[in-house]
Amino acid sequence: MTAIETHAPAAAPSAPPRTVASPGATALRLFLANPIGLAGLMILTALVIAALAGPQLYGVDALDIAGMPFQPPGEDPLLGTDYLGRDILAGLLQGGRASLAVGFTSALITVIIGVAFGSVAGFFGGAADTLLMKVTEFFQTLPTLLFAMVLVTLFGQHLTVTTIAIGIVSWPPTARLARAEFLRLRGLDFVKAARACGATPAYLILRVILPNAAPPIIVSATLAVGTAILFEGALSFLGLGDPNVMSWGLMLGQNRAYALDAWWTVLFPGGAIFLAVLGTSLVGDAFNDAINPRLRKR
Amino acid sequence: MSPILSVRDLTVMLKRPSGPVPVLERLSFDLDRGRTIALVGESGCGKSMTALAIMGLLPDGFVLESGAILLDGEDVAKAPPARLRALRGNAMSMIFQEPMTALNPVFTVGDQICEALRLHQGLGRRAAMERALAMLKAVQIPAAEQRLHAYPHALSGGMRQRVMIAMALACRPKLLIADEPTTALDVTVQAQVFDLLKDLQQEMETAILLITHDLGAVADITETVAVLYAGRCVEQGPTLEVMGAPRHPYTRGLWACSPHLTLGAAAAAAAPDPLQEIPGLVPPLGQRPASCAFAPRCARATAVCTHEVQPPLGVISPDHAVSCRHPEERAAA
């Protein structure tokens with residue numbers, strides 16, 4: 001390249017170029033400037049820390065009998081006991097692990113399956129698109145809760161099965177979103193330009209289009225976390241949760257018969273689910289505002 | 001010396017339910033190493049289609065019906081997709097019309113120039129970045145070190161087109177296709193971009209296929225010109241000869257459509273010289289007769305023009321060929 005370098009010194013007067021933040025950094029700055037998003041992030045962080053560190057610090061096993069059943073909150077244990085005499089606070093801390101793990105993992109599964117289907121369908125179009133979208137529609141026509149219940153019944157009441165089942169029933173909307181983004185982006189000039197540079201289809205999908213399609217997918221993934229937590233709650237509430245792993249949904253489900261006599265047995269786990277879903281929704285909305293260039297105010 | 005690019009009887013069809021419709025008909029031209037050919041003609045005459053056919057990037061529905069596209073002796077018209085991908089961006093590359101949208105908004109300029117280098121030449125990140133920097137300097141971007149890490153939205157149109165040129169030339173291609181590279185830029189920048197292309201061409205010995213409406217640029221930087229009308233080549237020859245003494249009525253009409261600047265006393269004295277136009281429109285796809293497609297718009301057309309098949313390119317002088325039954329007299333220019 002020596003021939004080129006000899007050519008180098010630029011004749012034009014060099015104005016100092018503006019230092020420009022990457023799109024990611026700009027989005028992060030906007031996100032952190034949004035009080036709603038920060039509030040959501042704080043709620044989520046508090047819940048995650050409580051779930052991770054809480055059980056060791058509190059030292060009571062959620063499945064152990066801690067005292068008389070239906071002890072009201074306020075004394076010892078702090079948040080009372082359930083119908084078996086298990087410590088509610090220990091249940092909240094330990095159950096948070098399962099609920100949050102299920103939430104994040106199933107959202108990840110949702111995104112992976114959804115993006116795989118949607119990107120291939122949207123990028124190639126034609127027969128591949130038709131086939132993949134028929135499959136997507138097939139999954140979409142199944143009632144999600146019933147389908148998840150069937151999967152859990154068939155493969156056993158384990159937390160892993162629940163997580164995968166939730167991921168399997170929730171991906172179609174993500175697939176449609178990803179497909180729409182890929183359809184929009186694949187015709188744009190910079191994709192053509194990358195093609196003219198000799199990019200392979202895989203390179204175009206993963207390196208050229210996906211980073212541009214990411215913002216709405218990230219937002220939908222954030223919201224999917226909240227939905228998955230609710231979903232796990234619903235399955236456990238119906239008695240299809242993993243009976244050996246404490247979760248917020250399981251607490252709700254097992255104590256639902258006594259909700260009128262012992263409000264604390266359902267209010268606290270219900271409140272925890274509410275907070276987790278609220279937190280993810282706020283974060284998701286703030287992400288949306290920060291990433292969406294049309295709403296962006298520079 | 002055999003030409004770098006040799007297009008032979010290239011015919012492209014658009015597949016329609018009612019049957020295939022010709023888009024390009026038996027187009028032929030040669031391009032030598034380090035030389036430039038211009039494709040000129042109105043919009044819809046098949047200039048961009050020619051470029052996309054050579055790159056193997058015809059849109060869905062368009063098929064390369066027959067003909068050969070020899071790039072340094074290799075027929076890319078028959079090359080399998082994997083071979084085409086290996087050639088694109090490496091042996092042949094393309095600059096697009098719209099620099100504002102042809103760069104990926106989420107990657108830095110440096111990353112994008114590195115793309116082709118890493119895909120085709122297997123360079124590591126550091127080596128590719130060094131080459132990218134050298135390319136940015138070669139296209140005369142000021143403060144190249146900082147620009148390397150800039151995102152496209154921070155650059156002006158002219159800067160972006162320079163970046164596009166840097167990307168296209170990063171692998172030192174044998175053939176560069178520039179599809180209206182300056183249409184979206186303002187006039188002062190247009191001249192800079194053409195000068196830049198010419199300079200880089202001399203260094204790299206790249207052959208350039210230039211598609212443009214800018215006849216000044218055609219006269220300035222090309223050696224050969226091919227005039228397309230309705231998917232057919234109507235006149236072809238050395239630029240000076242074709243521009244100085246156009247023989248096809250369409251070529252003459254096209255030349256007359258560009259404004260001529262008269263300055264000083266001559267301008268004041270001369271009667272207002274309205275910009276000429278060629279009446280009518282390019283016939284749309286599927287409505288192109290086998291006879292001369294330009295005849296309906298041609299002042300010189302006679303019955304024989306509309307009843308007989310359009311004549312093949314007939315050689316008038318060495319290298320200069322025209323497809324017309326009533327070519328303009330040489331003195332007419």
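What pattern does chain A follow when it is read along the sequence? In this predicted model, chain A runs as α-α-α-α-α-α-α-α-α-α-α, and the count that goes with this pattern is 11 helices and zero strands. Chain A has 298 residues, of which 45% count as buried. Among the contacts in chain A that link residues at least 6 apart in sequence, 70% join residues that are at least 24 apart.

From chain A the reader can pass to the largest nonpolar core, which has 172 residues. The members of this core that touch the most other members are M135(B), A166(B), I177(B), L209(B) and V227(B), while the largest share of the core, 16 residues, is supplied by helix α9 (residues 201-237) of chain A. As a general background, nonpolar side chains tend to be buried together in soluble globular proteins.

Two of the residues just named, M135(B) and A166(B), also touch one another, for A166(B) has M135(B) among its contacts, together with I113(B), L136(B), A138(B) and V139(B), when residues up to four places away in sequence are not counted. Of these partners, M135(B), L136(B) and A138(B) are listed among the buried residues of helix α4 of chain B.

That helix, α4(B), covers residues 125-138 and has 14 residues, and from its first C-alpha to its last it reaches 20 Å, close to the 20 Å expected at 1.5 Å a residue. Its buried residues include A128(B), A132(B), L133(B) and A134(B), but R131(B) and K137(B) are buried as well. After α4(B) comes Q140(B), a residue whose phi is positive, near 60°.

Positive phi values also appear elsewhere in chain B, and two further residues can be considered in turn. D9(B), which is not a glycine, has a phi near 50°, and its place is in strand β1 (residues 5-14) of chain B. Is D9(B) buried or exposed? D9(B) is exposed, because 12 other C-beta atoms lie within 10 Å, and a residue with 12 or fewer such neighbours is classed in that way.

R172(B) likewise has a positive phi, of about 50°, although it is not a glycine, but its place is in the loop between α6 (157-169) and β7 (175-179) of chain B. R172(B) counts as partly exposed, because it has 19 other C-beta atoms within 10 Å, whereas a residue needs 20 or more to be called buried.

Note on methods
Residues numbered from 1 in each chain as written. Chains lettered and ligands numbered in written order. Predicted model: local features only at pLDDT ≥ 70, side-chain atom pairs only at ≥ 80, totals over all residues. Helix = DSSP H or I, 4+ residues; strand = E, 2+ residues; numbered from the N terminus. Expected span 1.5 Å × (residues − 1). Core = buried A, V, L, I, M, F, W, Y, C linked by C-beta atoms within 7 Å. Contact = placed C-beta atoms within 7 Å.
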